[in-house]
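Dear colleague,

Please find below the structure that I am handing over to you. My findings follow it, set out by topic.

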Amino acid sequence: MANILIVEDNALNIKLFCDLLAAHGHTPEAVSDSRNALEAARQFKPDLVITDIQLPHVSGLDLIRMIRKDTELASVPIMAVTAYSAVGDEERIRAAGAQAYVSKPISVVRFAQTVDDLLAKGSDIDPTGQAQASWANESNGGPGPTDAGGEES
Ligand code: MN
């Protein structure tokens, strides 16, 4: 059981992620406007942050960098979710400070596995991301059902 902050501007994805996390016994809280995300994180004190990358106002990459620089939040594990996976995107997301990366439309199995992995390993996070290189790659790609998801907005 964990407190998980979701930063996502698409209402259908918010519902999907919240339902999935609640079904796994977690307590999700969603922020649809990324300008409010840092303050929400300070108040909610999440065990994990799940953020969209394509966000208006404050991009997911900028939000990840802001969290990593925040004295209270710097060690919180971050999982990025993005609809686009152009060459170099994953590297940019990891360089910003996220530990894991999941593509939309999400595989519900992989989504849940990645959440479990991050919650289990979160206390070992190296802010540079170097120590996660070996296991973090497990969070993306590979076979799996893509039976849920939503259009990016
Ligand atoms: Mn979006």
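**Contacts and overall layout**

Of the contacts in the protein between residues at least 6 apart in sequence, 66% join residues at least 24 apart. Please bear in mind that this is a predicted model. The protein has 153 residues, of which 36% count as buried. It contains 6 helices and 5 strands, and along the sequence these follow the pattern β-α-β-α-β-α-β-α-β-α-α.

**Helix 1**

Helix 1 covers residues 11–23, which makes 13 residues. At 1.5 Å a residue, a span of 18 Å is expected, and this agrees with the 18 Å that separates the C-alpha atoms at the two ends.

Which residues of helix 1 are buried? They are N13, L16, F17 and L21. Viewed down the helix axis, the buried residues fall within an arc of 120°, so they line one face of helix 1. On the other side of the helix, A11, A22 and A23 are exposed. The cover over the buried residues of helix 1 includes three strands: strand 1 (3–7), strand 2 (27–31) and strand 3 (48–52). After helix 1 comes G25, with a positive phi near 90°.

**Helix 3 and helix 4**

Helix 3 (residues 60–69) packs with helix 4 (residues 89–96) at an angle of about 25°, and their axes are 8 Å apart. Angles under 35 degrees count as roughly parallel, so helix 3 is roughly parallel to helix 4. Helix 3 contributes L61, I64 and R65 to the contact, while helix 4 contributes R92, I93 and A96. By type, the residues of this contact are 4 nonpolar and 2 charged, with no polar residue.

R94 also lies in helix 4. Is R94 buried or exposed? It is buried, because 20 other C-beta atoms lie within 10 Å, and a residue counts as buried at 20 or more. R94 and L61 are 33 residues apart in sequence, yet their C-alpha atoms are 9.3 Å apart in space.

**Backbone features in the loops**

As background, most residues other than glycine have a negative phi, and most peptide bonds are trans. The following places are of interest in that light.

What is the phi of K45? It is near 50°, a positive value in a residue other than glycine. K45 is located in the loop between helix 2 (37–44) and strand 3. This residue counts as exposed because it has 11 C-beta neighbours inside 10 Å, and the cut-off for exposed is 12 or fewer.

H57 also has a positive phi in a residue other than glycine, with a value near 75°. Its place is in the loop between strand 3 and helix 3. With 12 other C-beta atoms within 10 Å, H57 is exposed.

Where is P105 found? It is in the loop between strand 5 (100–103) and helix 5 (108–121). The peptide bond that leads from K104 to P105 is cis, and its omega is near -5°.

**Where to begin**

When you open the model, you may wish to start with helix 1 and its buried residues N13, L16, F17 and L21. The contact of helix 3 with helix 4 could come next, with L61, I64 and R65 on one helix and R92, I93 and A96 on the other. The cis peptide bond from K104 to P105 could then be viewed last.

With kind regards

Methods. Residues are numbered from 1 along each chain as its sequence is written. This is a predicted model: local features need pLDDT of at least 70, side-chain atom pairs count only at pLDDT 80 or more; totals for chains, interfaces and linings use all residues. Helices (H or I, at least four residues) and strands (E, at least two) are DSSP runs, numbered from the N terminus. The expected span of a helix is 1.5 Å times one less than its number of residues. The arc is that of the directions from the helix axis to the C-beta atoms. Two residues are in contact if their C-beta atoms, placed from the backbone, lie within 7 Å. Axes are lines fitted to C-alpha atoms, for helices over the stretch in contact, and angles run from 0 to 180 degrees between N-to-C directions. Angles under 35 degrees count as roughly parallel, over 145 as roughly antiparallel, 65 to 115 as roughly perpendicular and the rest as oblique. Ala, Val, Leu, Ile, Met, Phe, Trp, Tyr, Cys and Pro count as nonpolar, Asp, Glu, Lys and Arg as charged, and the others, Gly among them, as polar.
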